[in-house]
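Here is a short briefing on a two-chain model. Please keep the sequence and the coordinates open while reading.

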Amino acid sequence: MIIGKVSGEIYSTINHKFYDGKKLLIIDKITPTGSVTSGYLIAVDSVGAGVGETVLVIDEGNSARQVVDDSSAPIRSIIIGIIDDINIGN
Amino acid sequence: MLLGKIIGTVTPSLAYEGLQGVPFLLLQPLDKKLQPAGKPLVACDSTRMAGPDELVYYEGGREAALVLEPWFVPVDHTIIGIVDGVNLSEESNQ
């Protein structure tokens with residue numbers, strides 16, 4: 001899973017029917033210490049995450065399909081959690 | 001999924017069965033500030049409506065095939081949707 005920071009949102013009306021009504025958020029990939037990397041991805045929101053929040057993102061198809069409970073959904077990245085705290089070291 | 005911009009079309013004379021009639025578009029991958037990032041690639045267009053210079057989001061891997069109908073086709077990038085608007089928060093704009 002990936003730690004990311006929500007940095008924006010995508011609006012789309014013409015898309016595959018699975019994505020109708022889904023919230024698409026732009027996620028900055030960040031390091032566990034919180035520094036922003038150049039990587040980003042667009043993920044479906046399933047927990048009501050907002051811009052600026054640190055989130056946990058699944059970036060693998062089978063797991064994402066389990067989350068949305070649809071075995072033929074064309075989905076790979078989905079937000080499954082909002083991170084409150086990251087504790088590194090002992 | 002990542003952002004991309006349509007920069008051209010690719011018209012094959014012969015396509016693998018199951019891919020007839022599927023538009024192939026030349027796509028320039030973008031970074032999140034909508035600047036070109038990486039080499040152009042050819043993607044199938046599941047919306048069949050993406051035109052030149054349009055902003056789209058696309059997916060790779062198995063999900064690229066799952067978007068199409070029939071889905072069991074040899075495809076590794078497919079456009080999932082056309083972007084109407086991108087709303088980036090201020091602090092990420094620096």
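The points below cover the two folds, the contact between the chains, and some local details.

The model is predicted. Chain A and chain B bury about 2300 Å² between them. Three salt bridges cross their interface by the rule used. A strand of chain A also pairs with β6(B), in the antiparallel sense.

**Chain A: fold**

- Chain A holds one helix and six strands.
- Their order from the N terminus is β-β-β-β-β-α-β.
- The radius of gyration of chain A is 13 Å, which agrees with the value near 12 Å for a compact globule of 90 residues.
- The C-alpha atoms of chain A fit a box of roughly 45 × 25 × 20 Å along the principal axes.

**Chain A: strand pairing**

- Strand β4 (residues 36-45) of chain A runs parallel to strand β6 (residues 77-82) of chain A, with two bridges between them.
- In that pairing, A:Ile78 of β6(A) lies opposite A:Val44.
- Strand β5 (residues 54-59) of chain A is antiparallel to β6(A), and five bridges join the two.
- Here A:Ile58 has A:Ile78 in β6(A) as its bridge partner.
- A:Ile78 thus appears in both pairings: it stands opposite A:Val44 and is the bridge partner of A:Ile58.

**Chain B: fold**

- Chain B has one helix and six strands.
- Read from the N terminus, its elements are β-β-β-β-α-β-β.
- Chain B has a radius of gyration of 14 Å, close to the 12 Å of the globule rule for 94 residues, so it is as compact as a globular protein of that length.
- The C-alpha trace of chain B spans about 50 × 25 × 20 Å along its principal axes.

**Chain B: strand pairing**

- β1(B) is joined to β2(B) by six bridges, and the two run antiparallel.
- B:Ile6 faces B:Leu27 of β2(B) in this pairing.
- β1(B) also pairs with β4(B), again antiparallel, over four bridges.
- There, B:Lys5 is opposite B:Leu55 of β4(B).

**Interface: extent and make-up**

- Chain B puts 27 residues into the contact, and chain A puts in 28 residues.
- Of the roughly 2300 Å² buried between the chains, 56% is on carbon and sulfur atoms.
- B:Met1, B:Lys32 and B:Glu63 together supply 25% of the area that chain B buries against chain A, more than any other three residues.
- The rule finds 16 residue pairs in polar contact across the interface, with both residues at pLDDT 80 or more.
- Five elements of chain B each give at least two residues to the side that touches chain A: β1 (2-10), β4 (55-60), α1 (62-66), β5 (77-82) and β6 (85-88).
- β6(B) gives the most, with four residues.
- On that side of chain B, 13 residues are nonpolar, seven are polar and seven are charged.

**Interface: specific links**

- Strand β1 (residues 2-11) of chain A and β6(B) run antiparallel and are joined by four bridges.
- One pair in this arrangement is A:Ile10 with B:Val86 of β6(B).
- B:Lys32 and A:Asp28 form a salt bridge through their side chains, at 2.8 Å from N to O.
- B:Lys32 is also one of the three residues that supply 25% of the area chain B buries against chain A.

**Salt bridges overall**

- A search of the whole structure gives five salt bridges over all chains.
- Within chain A, the side chains of A:Lys23 and A:Asp45 form a salt bridge at 3.6 Å, N to O.
- This pair links distant parts of the chain, 22 residues apart: A:Lys23 is in the loop between β2 (14-15) and β3 (24-30) of chain A, and A:Asp45 is in strand β4 of chain A.

**Backbone details in chain B**

- Most residues other than glycine have a negative phi, and most peptide bonds are trans.
- B:Leu34 is not a glycine, yet its phi is positive, about 65°.
- B:Leu34 sits in the loop between β2 (24-29) and β3 (41-45) of chain B.
- The peptide bond between B:Glu69 and B:Pro70 is cis, with omega about 0°.
- B:Pro70 lies in the loop between α1 and β5 of chain B.

Methods
Residues numbered from 1 in each chain as written. Chains lettered and ligands numbered in written order. Predicted model: local features only at pLDDT ≥ 70, side-chain atom pairs only at ≥ 80, totals over all residues. Heavy atoms only, no water. Contact = heavy atoms within 4.5 Å. Buried area = accessible area lost by both parts, 1.4 Å probe. Salt bridge = Lys/Arg side-chain N within 4 Å of Asp/Glu carboxyl O. Polar contact = N/O pair within 3.5 Å; in protein donor to acceptor, adjacent residues only side chain to side chain. Nonpolar A, V, L, I, M, F, W, Y, C, P; charged D, E, K, R; others polar. Pairing = 2+ DSSP bridges. Rg over C-alpha atoms; globule rule 2.2 N^0.38 Å.
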